[in-house]
Every structure is written in structure tokens, then in C-alpha cells.
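Work through the exercises below with the structure open. Each task is followed by a stepwise solution.

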Amino acid sequence: MEHLEIERKFLVTSDAYRQEATSQTRIAQGYLNTDPDRTVRVRIMGEKGFLTIKGGPNDSGTTRFEWEIEISTLEATNLIDLCNTGILEKYRYEVPMGKHFFEVDEFLGENKGLVIAEVELNHEDEKFEKPEWLGEEVTGQKQYYNSQLSKNPFNTWKQ
């Protein structure tokens, strides 16, 4: 099936990724639909806008359908105004590691304190180099999905 996203998510244990990052981008995103089986996301990433539809995850939580199209920032801004309550804001750092890139999201607002690293893979059991700052794997744990964090922020349930 085309448009499959295969990724694994991890908590981050230190801010050492900042020194290894090749870019940092501010992101604002909202959700028109947060059903875990079919999310519809609007994102402004730097100077670009995007509309993304994601399907539900497979049993391991690593693979799901993803379709995305670039839209103007004006369209994205207008659509964010229609989104459900709970606009997420974060900084994304891109960190090269071996043959892969980690996208490290440092959340702001009600999710401040949460830092998640994701690595996209070509197949579910693909091996990848793990940086020293990579912590517990949270792949497939729905409370860490961005769509769920927009409704149930990290600071309301963290320990």
C-alpha cells in the first residue's frame, strides 16, 4: 500500500540532541479530527502549510497510512482557526544518526517538558543506530500521539 509511514517513537533523556541537530523549526498544528483511526491535521511548519490525513496504526503501532499535501500558510492559518481546541506548538530538531534522521520534538505550552524522538524506517524491523539520549520506546502508546496530546496534554497526566 502506498503512503505508508513506518516510524518508532522514543522519549528523550537529555538535551544533547540540540548540539547534534542540523535544523530547528517551529511548528504549530491543530486537528480537524482526532479519532486515532483517522486523524486530520493542519500544520504550519516554518513558512509552509500542510494538510495531513493519517489512518489507524497496525498492531505494533509502527505503521499507518499517511497522506500529506502542502498548502499555503494562509490556508493553513484559516484551517487552524477551524480546528478542535488544543493547538500544539513545538520545536522540531532534525538529527542525523547513521543512515537515518531523528526528528526530535520539544513541546511547548501544556505539553512543555515532553520531548519525543521519532525515526522513520523503510520496514518495521529495520535496524538503526540509537543515540545516547534516546530513552524509553513509546511507539504505539496512544497518549503520545500528537492528536491525543492536543486533547489530553502531557502536563495533565505526567508523573
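## Exercise 1: Arg92 and its partners

Arg92 is buried, with a relative accessible area of 6%. The model is predicted.

**Task.** Which side chains meet Arg92 in a salt bridge?

**Solution.**
1. Start with Asp105. The side chains of Asp105 and Arg92 form a salt bridge at 2.7 Å, N to O.
2. Place this pair in the chain. Asp105 lies in strand 7 and Arg92 in strand 6, 13 residues apart, so the pair links distant parts of the chain.
3. Check burial. Asp105 and Arg92 are both buried.
4. Turn to Glu103. A salt bridge also joins the side chains of Glu103 and Arg92, at 3.5 Å, N to O.
5. Place this second pair. Glu103 is in strand 7 (residues 100–107), Arg92 is in strand 6 (residues 88–97), and 11 residues separate them.

## Exercise 2: The network

**Task.** Which residues do salt bridges that share partners join into one network?

**Solution.**
1. Take the Asp105–Arg92 salt bridge as the entry point.
2. Follow the shared partners. Lys90, Arg92, Glu103 and Asp105 belong to one network.

## Exercise 3: A pair between strands 4 and 1

**Task.** Are Lys54 and Glu5 buried or exposed, and what parts does the pair tie together?

**Solution.**
1. Find the contact. The Lys54 and Glu5 side chains meet in a salt bridge of 3.2 Å, N to O.
2. Locate both ends. Lys54 sits in strand 4 (residues 48–55) and Glu5 in strand 1 (residues 4–12), so the pair ties together parts 49 residues apart in sequence.
3. Apply the cut-off: buried means under 20% relative accessible area.
4. Lys54, at 11%, is buried. Glu5, at 5%, is buried.

## Exercise 4: The total

**Task.** How many salt bridges does the structure hold?

**Solution.** The count is 12 salt bridges. Among them is the Lys54–Glu5 pair.

Notes:
Residues numbered from 1 in each chain as written. Predicted model: local features only at pLDDT ≥ 70, side-chain atom pairs only at ≥ 80, totals over all residues. Heavy atoms only, no water. Salt bridge = Lys/Arg side-chain N within 4 Å of Asp/Glu carboxyl O. Helix = DSSP H or I, 4+ residues; strand = E, 2+ residues; numbered from the N terminus. Buried < 20%, exposed > 50% of the residue type's maximum accessible area, 1.4 Å probe, protein only.
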